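Below is a walk through two parts of a protein model, one at the surface and one in the interior. Please keep the sequence and the coordinates open while reading.

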Amino acid sequence: MSRKLLTGNGAAAWGARLARVDYIPAFPITPQTEIIETLEHWIGSDQMPARLVTLESEHSMITAAGAAAATGVRVFSATSSQGLLYSMEMLYTVAGWRAPFVLINVSRGLSAPITLEPDHNDVLAARDCGFLQLHCSTCQEVLDSMLIAYRLGEDLRVRLPVIVNQDGFYLSFTREPVEIPDRKTMEAFLPPYDPENMQFRASMPVSHAVAVLGGGPYSYFRYETHLASLQALEVYDEVASEFEKATGRANPAMECYRTNDAEYVFVMMGAFATKARQAVDQLREAGWSIGLVRPRLFRPFPEEKIRQALVGKKGVAVIDQNISFGRGGVLHTELASAILGKSDKPPLLVSFIGGLGGRDISAEEFYEMAKVTKQAVADGKAPEPRLLYTETELREVRKLQDIACVERHELENER
C-alpha cells in the first residue's frame with residue numbers, strides 16, 4: 001500500500017485502474033475531464049491495459065457503457081452536471097438491462113443560471129433511474145467507493161450499475177493524502193468480472209428486460225430491478241466488511257459521528273459533511289449535545305439504519321445541498337418518509353437548504369441551524385424549509401439588480 005497526494009479526480013482514476021477496467025467510453029466535461037485525461041495517459045504509456053474511446057455525447061457514452069457491460073467486460077465512465085442529464089434516457093435503459101458498471105459523477109450545479117461549482121441536483125435527478133448511488137466526502141472515499149461499487153454492482157444478487165458521486169472542485173481538484181491499495185490486495189478483493197447468466201450472446205437467448213410487450217411483463221422486470229436494489233443494502237454491508245478487512249478502512253453505508261449521547265443531529269451528504277463534522281466538535285466544546293449522521297449509500301436508501309440512528313433524538317437538522325422546486329430538500333423528504341408512522345416518537349425534522357452552486361456553509365451557520373432546530377423542538381413545530389443566505393449576500397444581489405435596472409432604463413431612453 002502506498003500513500004500519495006491525489007485530487008478527487010486522481011483518486012477516481014486510481015479506482016478504475018485498480019479495478020482493472022477493460023473499456024472506458026468517455027466524453028469531456030468540467031470538472032470531470034481530469035479523470036479521463038489521467039486514464040488516457042496511463043493507457044497511452046502502457047501502464048494500464050484498457051481501451052478508451054471518446055464518443056460524440058454523454059448519451060452515446062452511456063449507451064456504449066451499458067452495451068459493453070452486457071457483453072461481459074468491466075466498464076468505467078465519468079460525467080458531470082448537464083452531461084449526466086443529457087444521458088438520462090440511457091441511464092434508465094442500461095439499468096433496465098441489468099448491466100453493471102461504474103459511473104462517477106463529479107457534481108456541479110445545473111443551469112440556469114450557469115455555475116461551475118457543486119451542488120447535488122444533478123446526481124439526485126438520477127435517483128429513480130435504477131443506478132445505485134454512493135456519495136463521497138473525501139478523496140480517500142472516492143477511491144474506496146469505486147472499488148466497493150464494482151463488487152456491489154457485479155454481485156449476482158444485484159447486477160445493477162452504480163453512480164459514485166463526488167463534489168466538483170471541493171473534491172475533484174483538492175489534493176488530500178490517499179492510501180492506494182496494492183494490486184494483489186485488490187485482485188483478491190475484486191476478482192475478474194463474471195457476467196454468468198446475464199452475458200449477451202446472439203446465439204444464446206436469455207430472459208432479459210430489453211424488448212417487452214404489455215404491462216404485465218414490463219411490471220415484472222421493473223419490480224425485479226427494485227428488489228435487486230433493495231438486496232444491495234445487505235450486499236453493501238458484506239462488501240464493505242470485506243474491504244475493511246483488506247485495507248483497514250471502514251466505509252459503512254451510513255456514518256454516525258458522536259451520535260450515541262446526542263440530543264440533536266445534523267444529517268447531510270457529500271464533501272460539505274466534513275464541515276458539519278467540524279461544527280459538531282465545536283458545538284460540543286460549547287456544551288451542545290449534538291452529532292452527525294451521514295449516508296454514504298443513497299440508493300438504495302438505508303432507512304432502517306437511519307431510523308435506528310435517530311431513535312431518542314429530539315431534533316434533526318437536515319441540510320440539503322439541492323432543491324426540489326415546489327417541495328424543498330430531497331434528503332429531507334427521504335428522511336421524513338423513513339420515519340413516518342413509526343411507533344417510537346420520531347424526532348422533529350427541520351429542513352435547511354445550503355451549498356447551492358458551491359456556496360460555502362460557515363461555522364456560524366451550523367450554529368444557527370442547531371439553534372433554530374432546538375427552538376423548533378421547544379415550540380413543537382418545524383418551520384418552513386429555510387435557505388442558508390446572509391443579508392450581505394442579499395444586498396449584493398439587490399445591487400446587481402439595481403445596476404441591471406439602470407442600464408435597461410438608459411437603453412430605453414436612448415431609443
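In this predicted model, Leu387, Tyr389, Leu394 and Val397 together form a nonpolar surface patch of about 320 Å². One of these residues, Leu387, lies in strand β15, which covers residues 386-387. Its relative accessible area is 46%. Buried means under 20% and exposed means over 50%, with partly exposed in between, so Leu387 counts as partly exposed.

The second part concerns strand β7. Is this strand, residues 162-167, enclosed by the rest of the structure or open? Of its 6 residues, 6 are buried, and the strand is therefore largely enclosed by the rest of the structure. The cover extends to both faces of β7. Val162, Val164 and Gln166 are buried on one side, while Ile163, Asn165 and Asp167 are buried on the other.

Strand pairing places β7 in its surroundings. Strand β5, residues 102-107, runs parallel to β7 and is joined to it by 6 bridges. In this pairing, Ser107 stands opposite Asp167 of β7. Strand β6, residues 132-135, also runs parallel to β7, with 4 bridges joining the two. Here Leu134 has Val164 in β7 as its bridge partner. Between β6 and β7 the chain passes through helix α7, residues 139-154, and this β-α-β crossover is right-handed.

Returning to accessibility, Val164 and Asp167, named above as partners in the pairing of β7, are both among the buried residues of that strand. Leu387, in the surface patch, is partly exposed.

Methods
Residues are numbered from 1 along each chain as its sequence is written. This is a predicted model: local features need pLDDT of at least 70, side-chain atom pairs count only at pLDDT 80 or more; totals for chains, interfaces and linings use all residues. Side-chain values use heavy atoms; hydrogens and water are left out. Patches are made of residues with over 30% relative accessible area and no salt bridge: like charges are joined within 9 Å, nonpolar side chains (Val, Leu, Ile, Met, Phe, Trp, Tyr) within 5 Å. Accessible areas come from the Shrake-Rupley method with a 1.4 Å probe; for residues, only the protein chains shown count as cover. A salt bridge is a side-chain nitrogen of Lys or Arg within 4 Å of a carboxyl oxygen of Asp or Glu. Buried means under 20% relative accessible area, exposed over 50%, partly exposed in between (1.4 Å probe, protein chains only). Two strands pair if DSSP finds at least two bridges between them. A crossover is right-handed if, with the strands pointing away from the viewer, the path from the first strand over the helix to the second runs clockwise.
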